[in-house]
Amino acid sequence: MVLILNLVVQISEQQVPMSNQRSLSGTLGLGYVIIFVFANIIGSGVYKKIAPMADGLQSSAWILIAWAAAGVITLFGALSNAELAGMLADTGGEFVYLKKIYNRFFSFLYGWSLFTVIQTATIASLAYVFTQSLNSIVPLPELFSDWQNATVGGVFFPFRESGIKLTAILLIMSLTLLNMSGLKSGARVNKVLFFLVCAGLMVIVVSGLTNSSRSPSEIANYNYLKADSVTVSSFMTAMLAAFWAYQGWVSAGFIGGEIKDARRNIPKGIVIGVLAITIIYLLVNYSYLAVMSIPELVSVHEAGNQVAAIEMVRSFAGSGGVFFISLLILVSTLGCLNASILTGSRPYYAMSREGLFFSGIGKLNNRNVPGNSLFWQGIWASVLVLSGNFDQLTDMLIFAVYIFYGAMAAGVFILRRRMPEANRPYKAWGYPVLTALFVLFCAGLFINTIVTRPREALIGLSLIMAGIPVYFLFRKRYRNENKNSGFT
């Protein structure tokens, strides 16, 4: 895969006019940081993930606690990340932070993981859910019906739901081309979608509460909290689903080089965004539970091709409500997908500038954006669309990303000791207790996922570990090209 990618990048360098001299410029303010936090987080999870959580927890009260706990843990991570962003904000986000905290090797593994599974699987999953929702409005044709059962290793079925998958690939590449046309083009799209999504979620909350079929005491039935059916492992597995809905909060840091006063605006934007989204998620999921019972949500999960939000609205608003909620999911997912594509390409650009990725990825096109980085991110995300279903992809990427989130939070301790006098525009609130709790939680999630989702964990680890020989290939290549470059 590495040799093929290297060849096509070299070809693309010859075909697209690039400049090695230009650099990214800071043009976006705090408002755009908050919009990008919202856009990178609010996608498909808030509409879909309550169903598998209901199947695993069998209790409305436990579901709400899981959403709240996931939000609190995410906020702990955001508080730690904000301190690092205040000190080190630059294009590439966590790639830059991890290089400063640890070394080039570990930061490369993070960037490699972003490319192979974390960011690209996020893009693939969002595009997949978008086209599923589109299919509920306008049925897409089923292609390659004779190849439905063709499999790769008995795990992946690339030709199942081929109409949905091919549409998802077309969407990924279309948005990729949009973002290749300039930063402001993608940012303006997200600004419009941001307001539409917020309005739509408020409609869900109000309509759910006004059409409630369950009383508050029935929803928050604390008797279920005493039951032995919910174990620590099952609760953390349910949180794995919730974490997908919160995933993306670090992505604003990826465009640090394009944010005005980044070392102040990125920390503020991340903390404000995560806190607001946690409140929104609790309201939205309470609305679902006010209308639908646990058995009904479990049925949605078992159906496999249903979305909880659509079924909730269908119960009291019929086909008109289904059409509205399907459109809302389309808009939300589109905004999140566009933001993920825009921000996700920046770490690979930063890696290339450091000599840790293909040289063509580190060049800007004539619109002053990393066009090659965007393009090859889109290609690999399209391959992942063919590789598996939505839940496979999301469990795999959450497992992978929390390895690096834990390392990032541990870095706050390391830099406090190593650089005690460094300027910190923002210091992590609750340090050291909250930071330590986040690190411990990441370790627990890592272990629990290996036990409860071994296939997804194995695939995620394999893709991360595949970066080890790749790192040494790049190291050897760049040492040979410039022995005086100081490559270590």
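Select helix H11 (residues 232-246) together with H17, which pack at an angle of about 105° with their axes 10 Å apart; the two helices are therefore roughly perpendicular to each other. Here angles under 35 degrees count as roughly parallel, over 145 as roughly antiparallel, 65 to 115 as roughly perpendicular and the rest as oblique, while axes are lines fitted to C-alpha atoms, for helices over the stretch in contact, and angles run from 0 to 180 degrees between N-to-C directions. Helices (H or I, at least four residues) and strands (E, at least two) are DSSP runs, numbered from the N terminus.

This is a predicted model, in which local features need pLDDT of at least 70 and side-chain atom pairs count only at pLDDT 80 or more, whereas totals for chains, interfaces and linings use all residues. Residues are numbered from 1 along each chain as its sequence is written, and side-chain values use heavy atoms, with hydrogens and water left out.

Now show the side chains between the two helices: Ser233, Met236, Thr237, Met239, Leu240 and Phe243 of H11 meet Phe441, Gly444, Leu445, Asn448, Thr449 and Thr452 of H17, where contact means heavy atoms within 4.5 Å. By class, this contact has six nonpolar, six polar and no charged residues; Ala, Val, Leu, Ile, Met, Phe, Trp, Tyr, Cys and Pro count as nonpolar, Asp, Glu, Lys and Arg as charged, and the others, Gly among them, as polar.

Keep H17 (residues 433-452) selected and add helix H18 (residues 454-465), which packs against H17 at an angle of about 120°, with the axes 5 Å apart. That angle makes H17 oblique to H18. On the H17 side the contact is made by Phe446, Thr449, Ile450, Val451 and Thr452, and on the H18 side by Pro454, Ala457 and Leu461. Six nonpolar, two polar and no charged residues make up the contact of H17 with H18.

Next, go to the loop between helix H16 (390-418) and H17, where Pro432 is found. A cis peptide bond joins Tyr431 and Pro432, with omega at about 5°. Most residues other than glycine have a negative phi, and most peptide bonds are trans.

Two residues with a positive phi can be selected after this. Gln58, in the loop between helix H4 (50-57) and helix H5 (60-88), has a positive phi of about 60° although it is not a glycine. At 42% relative accessibility, Gln58 counts as partly exposed, given that buried means under 20% relative accessible area, exposed over 50%, and partly exposed in between (1.4 Å probe, protein chains only). Asn368, in the loop between strand E2 (364-365) and helix H15 (371-387), is likewise not a glycine and has a positive phi of about 65°; at 23% relative accessibility, Asn368 counts as partly exposed.

Move then to Ala89, in the loop between H5 and helix H6 (94-101), which is buried, with a relative accessible area of 12%. Leaving aside its neighbours within four places in sequence, Ala89 is in contact with Leu84, Tyr97, Ala262, Arg263 and Ile266. Select Asp261 as well, since Ala89 and Asp261 are 172 residues apart in sequence and 9.4 Å apart in space, C-alpha to C-alpha.

The next stop is the empty space inside the model. A search of the whole structure finds two cavities of 30 Å³ or more. On a 1 Å grid over the protein atoms alone, a cavity is a set of points where a 1.4 Å probe fits but cannot get out, and lining residues have an atom within 4 Å of a point; grid points are joined across faces, edges and corners, and a volume is the space filled by probe spheres set on the points.

For the largest cavity, with about 80 Å³ of space, select Phe38, Ala39, Ile42, Asn190, Leu193, Phe194, Val197, Ser332, Gly335 and Cys336. The largest share of this lining, four residues, comes from H9, and by class the lining has seven nonpolar, three polar and no charged residues.

The second largest cavity has a volume of about 40 Å³, and its lining residues include Asn40, Ile41, Thr122, Trp244 and Cys336. H2 and helix H7 (104-137) each supply at least two residues of this lining, which has four nonpolar, six polar and no charged residues.

Finally, zoom out to the protein chain, where there are 19 helices and two strands. Of its 488 residues, 57% count as buried.

Terms used. 1 Å grid on protein atoms, 1.4 Å probe; cavity = no way out; pocket = protein on both sides within 12 Å on 5 of 7 lines; lining within 4 Å.
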